[in-house]
Amino acid sequence: MTLIFNIHGKGTQKLERSQTRVDRFIANVEQIEKLNPETICVKLSCPAITHYKAGQYLQVFVNEQTVRNYSLASSPGIDEGLHLHIRKSASGGVSRWFHEELAVGDAIHIGPPQGSCFYLPVDVDQPILMIGTGSGLAPLYGMTRNALRHGHRGQINLYHGVRHRQELYLVEQLHALARLNKNFQYFPCVSRGLVKEKPEDGSALAGRALDIALRDTPLAEGWRVYLSGNPAMVHAARDATAAAGVPLNSIFSDLFMCPSALSYAA
């Protein structure tokens with residue numbers, strides 16, 4: 001597990017091209033797509049970055065004092081460019097900058113792809129459990145498509161947890177992926193607003209993603225686990241899946257810590 005602490009600053013502004021350093025690359029904003037009322041997908045082009053692994057993350061340099069880490073939702077060989085999912089936070093100036101100031105055609109500075117939470121086709125028959133909350137769906141979305149593209153044969157179960165139904169996104173795309181691949185199942189989970197154990201229309205399960213995943217998954221030593229999203233959920237899921245018999249070296253997450261993520265509610 002990699003533990004990363006974000007650097008918080010005030011007065012965000014875009015970096016000028018003259019500030020480019022050897023550990024930073026200029027990326028152009030090609031498209032900004034709204035995924036749900038509070039989450040956007042920012043699609044970047046960066047010719048200097050030619051290789052990355054599905055599930056890795058990038059550093060985004062907002063200014064010299066402000067850096068944020070964002071997991072890649074894109075999958076090499078499937079998507080053009082680098083895709084980031086940015087959820088707007090009431091207390092996050094950087095997320096508001098992405099949502100309210102960033103525009104198509106802008107240039108931003110990013111770091112190289114990094115992180116230890118990524119998919120590699122080392123055992124295509126191994127069952128995989130993925131649990132993510134909020135915009136933590138991003139790396140899981142990239143890794144799922146990458147695994148299926150590489151012919152992964154083992155079962156892949158993806159649980160995405162949110163508090164309210166409107167916070168779900170990429171639902172149709174993931175359901176379609178499940179219809180096309182018998183070894184992939186997608187479980188959207190809503191912790192608030194649904195009657196417990198009685199989804200309104202079958203499209204979402206009532207409850208927290210971690211609780212439902214642990215209840216319904218016969219975890220054992222042979223499983224591989226990927227975790228992403230709320231840090232408290234990631235810590236709890238890591239402990240719970242390890243207690244169920246999954247070796248620690250088969251549990252992967254790149255944890256981004258921020259003050260707003262102090263409790264697990266989705």
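## Thr-144 and helix α2

Thr-144 is found in helix α2 of this predicted model. Its relative accessibility is 0%. Buried means under 20% relative accessible area, so Thr-144 counts as buried. Leaving aside residues up to four places away in sequence, Thr-144 is in contact with Met-130, Ile-156, Leu-158, Leu-177 and Phe-184.

Helix α2 covers residues 137–149 and lies across four strands: β8, β9, β10 (184–190) and β12 (224–228). The helix runs at about 165° to β9.

## The parallel sheet

The strands under helix α2 include β8 and β9, which belong to an open sheet of six strands. The order across this sheet is β11-β10-β9-β8-β12-β13, and the pairing is parallel. Which strands stand at the edges? They are β11 (205–206) and β13 (251–252). Each has a single partner strand, so one side of each is left without a neighbour in the sheet.

Strand β8 (residues 128–133) pairs with strand β9 (residues 156–162) in the parallel sense, over six bridges. Within this pair, Ile-131 stands opposite Tyr-159 in β9. Helix α4 (residues 209–216) also packs on the sheet, where it touches β8, β9, β10 and β11. The direction of helix α4 makes about 150° with that of β9.

## A loop residue after β9

Leu-170 lies in the loop between β9 and α3 (171–180). Its phi is near 60°, a positive value in a residue other than glycine. Is Leu-170 buried or exposed? Its relative accessible area is 11%, so Leu-170 is buried.

## The antiparallel sheet

Another open sheet is formed by six strands in the order β5-β4-β7-β2-β3-β6, with antiparallel pairing. Its edges are β5 (66–71) and β6 (82–87). Because each of these has a single partner strand, one side of each is left without a neighbour in the sheet. From one strand to the next, the twist averages 45°.

Helix α1 (residues 93–100) packs on this sheet and touches five strands: β3, β4 (57–63), β5, β6 and β7 (107–110). The direction of helix α1 makes about 115° with that of β6.

## Strand β3 and its partners

Strand β3 spans residues 39–45 and pairs with β6 in the antiparallel sense over six bridges. Two examples show how the residues line up: Ile-40 stands opposite Ile-86 in β6, and Cys-41 stands opposite His-85 in β6. In a regular strand the side chains alternate between the two faces of the sheet.

The other pairing described here joins β3 to strand β2 (residues 25–36), in the antiparallel sense and over seven bridges. In this pairing, Ile-32 has Val-42 in β3 as its bridge partner. β2 and β3 form a hairpin, with two residues between them. How many of the seven residues of β3 are buried? Six of them are, and the strand is mostly covered.

## Arg-68 at an edge strand

Arg-68 lies in strand β5, which stands at an edge of the antiparallel sheet. What is the status of Arg-68 at 11% relative accessibility? The cut-off for a buried residue is under 20% relative accessible area, so Arg-68 counts as buried.

Arg-68 and Val-94 are 26 residues apart along the chain, and their C-alpha atoms are separated by 8.0 Å.

## The cavity

Rolling a probe the size of a water molecule over the atoms shows where empty space is left. The search gives one cavity of 30 Å³ or more. About 50 Å³ of space lies in the largest cavity.

Which residues line the largest cavity? They are Gly-55, Gln-56, Tyr-57, Ser-71, Cys-117, Pro-139, Leu-227, Ser-228 and Asp-254.

## The protein as a whole

The secondary structure comes to five helices and 14 strands. The protein has 266 residues, and 51% of them are buried. About 12,100 Å² is exposed, and carbon and sulfur atoms supply 51% of that area.

Contacts can also be sorted by how far apart the two residues are in sequence. Among contacts between residues at least 6 apart, 72% join residues at least 24 apart.

Definitions and conventions:
Residues are numbered from 1 along each chain as its sequence is written. This is a predicted model: local features need pLDDT of at least 70, side-chain atom pairs count only at pLDDT 80 or more; totals for chains, interfaces and linings use all residues. Side-chain values use heavy atoms; hydrogens and water are left out. Two strands pair if DSSP finds at least two bridges between them. Axes are lines fitted to C-alpha atoms, for helices over the stretch in contact, and angles run from 0 to 180 degrees between N-to-C directions. Contact means heavy atoms within 4.5 Å. Buried means under 20% relative accessible area, exposed over 50%, partly exposed in between (1.4 Å probe, protein chains only). Accessible areas come from the Shrake-Rupley method with a 1.4 Å probe; for residues, only the protein chains shown count as cover. On a 1 Å grid over the protein atoms alone, a cavity is a set of points where a 1.4 Å probe fits but cannot get out, and a pocket is an open set with protein on both sides within 12 Å along at least five of seven lines; lining residues have an atom within 4 Å of a point. Grid points are joined across faces, edges and corners, and a volume is the space filled by probe spheres set on the points.
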